[in-house]
Amino acid sequence: MKFMTLIVEPTEKIAEIGAASDKVWANVPKGNRPEFSYVMLCVPQLDVPPNSLVAFGISEADSADEIAARTYPLMLAGATAVRTIPLLEVPVAGAAKAEKKYRG
């Protein structure tokens with residue numbers, strides 16, 4: 001399943017969080033690598049603490065244990081908020097067909 005992870009990173013902890021992230025992603029199973037990772041150039045919500053960046057990525061995971069193994073080290077390194085959001089993949093030109101499928 002695909003997940004989007006939002007991470008709030010205080011600017012004074014960027015180096016530690018980056019090192020933890022590199023370590024986490026160096027040891028994941030081959031099929032569960034991240035698809036991409038970005039740092040947002042604007043704050044997506046108003047309750048982000050001052051002097052913080054918001055990064056997000058999309059990756060795959062088969063279990064909650066896999067997600068915890070990726071995000072817990074980031075929290076220990078200083079990330080102030082980690083939100084993992086499950087994603088439902090819908091084809092660009094197939095929204096109506098997907099809606100019918102998931103309706104039951």
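In which helix is S21 found? S21 belongs to helix α1, and with a relative accessible area of 21% this residue counts as partly exposed, given that the class of buried residues is confined to values under 20%. The structure discussed here is a predicted model, and every value in this report was computed from its atoms.

**Overall layout**

The protein contains three helices and four strands, and read from the N terminus these elements follow the order β-α-β-β-α-β-α. The C-alpha trace spans about 45 × 35 × 20 Å along its principal axes, and of the 104 residues of the protein, 33% count as buried.

**The pairing of α1 and α2**

Helix α1 comprises residues 14–25, and helix α2 comprises residues 64–77. The axes of α1 and α2 come within 8 Å and cross at roughly 160°. Because an angle over 145 degrees counts as roughly antiparallel, α1 and α2 are described as roughly antiparallel to each other, and the crossing in which α1 passes α2 is right-handed. S21, introduced above as a residue of α1, also takes part in a contact between distant stretches of the chain: S21 and P73 are 52 residues apart in sequence, yet their C-alpha atoms are 7.7 Å apart in space.

Helix α2 is also the place of M75, which counts as partly exposed at 39% relative accessibility. Together with Y72 and L76, M75 makes a nonpolar surface patch of about 330 Å².

**Salt bridges**

How many salt bridges does a search of the whole structure find? The search finds three salt bridges, and they are set out below with the distance from N to O.

| Salt bridge | Distance, N to O |
|---|---|
| K2 and E89 | 3.7 Å |
| R70 and E66 | 3.7 Å |
| R103 and E99 | 2.7 Å |

The side chains of K2 and E89 meet in one of these salt bridges. K2 lies in strand β1 (residues 2–10), whereas E89 lies in the loop between β4 (81–86) and α3 (95–103), so this pair ties together parts that are 87 residues apart in sequence. The two partners fall into opposite classes of accessibility, since K2 is buried, with a relative accessible area of 19%, while E89 is exposed, with a relative accessible area of 55%.

The salt bridge between R70 and E66, whose closest N and O atoms are 3.7 Å apart, lies within a helix: R70 and E66 are four residues apart in helix α2 and are therefore separated by about one helical turn. R70 counts as buried, at 8% relative accessibility.

In helix α3, R103 and E99 are likewise four residues apart, so that about one helical turn separates them, and their side chains meet in a salt bridge of 2.7 Å, N to O. Here R103 is exposed, with a relative accessible area of 66%, and E99 is partly exposed, with a relative accessible area of 39%.

**Helix α2 in summary**

Several of the features described above come together in helix α2, which holds M75 as well as the pair R70 and E66, and whose axis comes within 8 Å of the axis of α1.

Methods
Residues numbered from 1 in each chain as written. Predicted model: local features only at pLDDT ≥ 70, side-chain atom pairs only at ≥ 80, totals over all residues. Heavy atoms only, no water. Patch = residues over 30% accessible without salt bridge, like charges linked within 9 Å, V, L, I, M, F, W, Y side chains within 5 Å. Areas by Shrake-Rupley, 256 points an atom, 1.4 Å probe, with all protein chains shown as cover. Salt bridge = Lys/Arg side-chain N within 4 Å of Asp/Glu carboxyl O. Helix = DSSP H or I, 4+ residues; strand = E, 2+ residues; numbered from the N terminus. Buried < 20%, exposed > 50% of the residue type's maximum accessible area, 1.4 Å probe, protein only. Axes fitted to C-alpha atoms, helices over the stretch in contact; angles between N-to-C directions. Parallel < 35°, antiparallel > 145°, perpendicular 65-115°, else oblique. Left-handed = near helix turned anticlockwise from the far one by under 90°.
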